[in-house]
Amino acid sequence: MGDRAPVDPAMVNALQADDLGAFEAFYRRYEAAVYRTAFGLVRDAMAAEDVVTEAFLRAYGARGRLDPQRSPLPWLQRITINLALNHLRRRRLGIEDIAGAEAAAADPAPTPDLAAEGRETVAALGRAVDRLPERLRTVTVLRYVDELSLAEIADVLDCPVGTVKSRLHHAMRALRSDLGTEAPAAPATVHPLVPAVEVRRR
Amino acid sequence: MIPGLAALRGLFIPRHVHAAAIQAIVELLDGTALAADVEDALAHVEMCAACRHEVADVAPLVLGLRRFGAAVRANALPGAAGWRRLSERLAGAPRRTTLRAVAPALIAPLVVAVALMPAIGVSRSAYVTDLALSETGAAPGSDGVRPLRPAERAVDERANYDVLRWAGPPAANPGGTGSLVGLRIPGLPDPTLTERAPGDVAPAPGSVGGGWTVGSGGSGALGPAGGGASGAIGGVGSTTPAPLPVATADRGNGR
């Protein structure tokens with residue numbers, strides 16, 4: 001993923017010299033990825049924008065610690081995850097209005113082809129993901145919404161790859177037991193051995 | 001194959017082999033699996049009924065999660081006003097390096113400390129007091145010294161009271177410890193002047209000073225024997241009248 005390349009050292013120097021133009025370029029480059037992580041966790045457009053703004057504000061405050069040898073995206077995503085989880089905790093306490101978030105979780109407004117493939121399944125899965133504990137929810141979102149590899153998730157969460165695998169496994173088990181009551185409709189085309197056929201062809 | 005026999009075969013396979021096979025199938029559905037791992041996993045799943053059941057459960061879930069991720073990504077488009085909002089926040093936030101933030105950070109603790117000084121019983125040092133008195137041109141202890149302001153007097157009296165309280169009441173100090181301090185607080189009876197020890201001799205009419213000795217036991221009495229000096233109270237073991245410390249008692253703390 002291109003966003004995971006180290007940031008240009010000249011940009012880092014400009015950022016650390018308080019160049020607002022450089023910070024805008026920095027923001028434009030990473031905004032989409034950070035927003036995706038935030039939205040995947042909070043599932044509310046307004047809240048996600050607030051989280052992204054706050055995450056970049058904090059990044060700006062800590063720009064002196066930016067390492068030009070590494071991509072800043074895992075660091076930005078870590079900040080975003082912490083802020084998003086804080087937002088979810090506040091929401092759970094009833095501090096913020098949850099009407100919009102509930103609507104977003106119940107209906108992620110799928111595209112027409114997605115609607116044709118199983119809108120109910122997606123909606124039920126969205127609700128089940130929202131009910132996961134924070135740690136499991138985070139890895140699930142990073143894996144399936146941000147499409148990060150296990151190593152990249154480990155980098156973002158600053159933990160071993162084995163831990164990420166374990167959490168994903170537990171997330172799967174929790175989702176399966178949760179969805180046992182909701183019984184999501186399995187896609188008609190999916191059969192356990194279909195991938196085997198594809199692999200054999202390779 | 002007889003189903004019971006297949007289940008029996010599965011019992012002899014280590015548990016981690018089952019888990020690895022399922023993991024490989026999940027990664028295959030995710031699109032992240034290595035081909036070699038998948039070949040082994042598929043071979044295992046084809047002969048293990050339990051794992052086939054497991055895969056049948058997991059596969060729809062993984063594919064559903066991928067669809068869920070795609071749906072969220074389709075909606076996860078940041079608004080156009082994001083940078084404008086952020087730049088407004090940046091403009092409003094004080095920068096840590098500006099003087100605007102540094103100056104209050106330096107001054108505020110000083111202001112708080114000065115404001116709290118009377119509350120925690122800290123008064124001006126003798127050096128500062130002498131400096132302040134020298135502004136009037138009068139020597140410390142002389143009559144020309146500026147009278148204390150009410151606030152200063154309150155602090156002053158509180159300090160005196162604390163000293164007396166530390167010394168204890170005269171009754172608890174039979175040796176006359178209260179007279180060690182030699183201070184008098186307005187509104188409070190001065191034990192050095194009102195108490196007369198048994199056996200004290202009344203001042204003779206016309207005698208100099210007209211006072212009497214306190215702390216007749218001699219213990220704890222301060223000041224030169226025989227009295228006479230300003231501020232001295234009593235004399236050690238003296239039975240002669242001592243000068244009454246009337247004129248100096250108001251300035252017992254040297255002011």
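In what relation do helix 1 of chain A and helix 2 of chain A stand to each other? I looked this up in a predicted model, in which local features need pLDDT of at least 70 and side-chain atom pairs count only at pLDDT 80 or more, while totals for chains, interfaces and linings use all residues. Residues are numbered from 1 along each chain as its sequence is written, and chains are lettered from A and ligands numbered from 1 in the order in which they are written.

**Entry 1: helix 1 and helix 2 of chain A**

I found that the axes (lines fitted to C-alpha atoms, for helices over the stretch in contact, with angles from 0 to 180 degrees between N-to-C directions) of helix 1, residues 9-16, and helix 2, residues 20-42, of chain A come within 7 Å and cross at roughly 125°. The two helices are therefore oblique to each other (under 35 degrees is roughly parallel, over 145 roughly antiparallel, 65 to 115 roughly perpendicular, and the rest oblique). The contact (C-beta atoms, placed from the backbone, within 7 Å) is made by A:Met11, A:Ala14 and A:Leu15 of helix 1 and by A:Ala22, A:Phe23, A:Ala25 and A:Phe26 of helix 2. I sorted these residues by class and got seven nonpolar, no polar and no charged (Ala, Val, Leu, Ile, Met, Phe, Trp, Tyr, Cys and Pro are nonpolar, Asp, Glu, Lys and Arg charged, the others, Gly among them, polar).

**Entry 2: the two chains overall**

For chain A I noted ten helices and zero strands, the elements being DSSP runs numbered from the N terminus, with H or I over at least four residues for a helix and E over at least two for a strand. Chain B has eleven helices and zero strands. Of the 202 residues in chain A, 40% are buried (20 or more other C-beta atoms within 10 Å; exposed is 12 or fewer, partly exposed in between; C-beta atoms placed from the backbone), and in chain B 21% of the 255 residues count as buried. Taking contacts in chain A between residues at least 6 apart in sequence, I noted that 66% join residues at least 24 apart; in chain B, residues 24 or more positions apart account for 47% of the contacts with a separation of 6 or more.

**Entry 3: helix 3 of chain A and its two partners**

I then followed helix 3, residues 45-61, whose axis comes within 9 Å of that of helix 4, residues 73-92, in chain A, with a crossing of roughly 135°. These two helices are therefore oblique as well. On the helix 3 side the contact involves A:Ala47, A:Val51, A:Val52, A:Glu54, A:Ala55, A:Arg58 and A:Ala59, and on the helix 4 side A:Leu76, A:Ile79, A:Thr80, A:Leu83, A:Ala84 and A:His87. The classes here are nine nonpolar, two polar and two charged.

Across the chains, helix 3 of chain A packs with helix 5 of chain B, residues 82-92, at an angle of about 45°, the axes being 10 Å apart, and this pair is therefore oblique. Helix 3 of chain A contributes A:Glu49, A:Val52, A:Thr53, A:Phe56, A:Leu57 and A:Tyr60, while helix 5 of chain B contributes B:Gly82, B:Arg85, B:Leu86, B:Arg89 and B:Leu90. I recorded six nonpolar, two polar and three charged residues in this contact. A:Val52 is listed in both contacts of helix 3.

**Entry 4: A:Tyr60**

A:Tyr60 is found in helix 3 of chain A and is partly exposed, with 19 other C-beta atoms within 10 Å. Leaving aside neighbours within four places in sequence, I found A:Tyr60 in contact with A:Phe23 and B:Leu90. The C-alpha atoms of A:Tyr60 and A:Asp18 are separated by 9.1 Å, although the two are 42 residues apart along the chain.

**Entry 5: the nonpolar core**

Which residues touch the most other members of the largest nonpolar core? This core (buried Ala, Val, Leu, Ile, Met, Phe, Trp, Tyr and Cys residues joined through C-beta atoms within 7 Å) has 74 residues, and the ones I was after are A:Ala38, A:Val42, A:Val51, A:Ala55, A:Ile153, B:Ile25 and B:Val58. Beyond four places in sequence, A:Ala38 is in contact with A:Ala48, A:Val51, A:Val52, A:Thr80 and A:Ala84.

**Entry 6: two positive phi values**

Most residues other than glycine have a negative phi. A:Arg43, not a glycine, has a positive phi of about 55°; it is found in the loop between helix 2 and helix 3 of chain A and is buried, with 27 other C-beta atoms within 10 Å. A:Glu147, also not a glycine, has a positive phi of about 55°. A:Glu147 lies in the loop between helix 7 (134-144) and helix 8 (150-157) of chain A, and I noted it as partly exposed, with 17 other C-beta atoms within 10 Å.

Conventions:
Contact = placed C-beta atoms within 7 Å.
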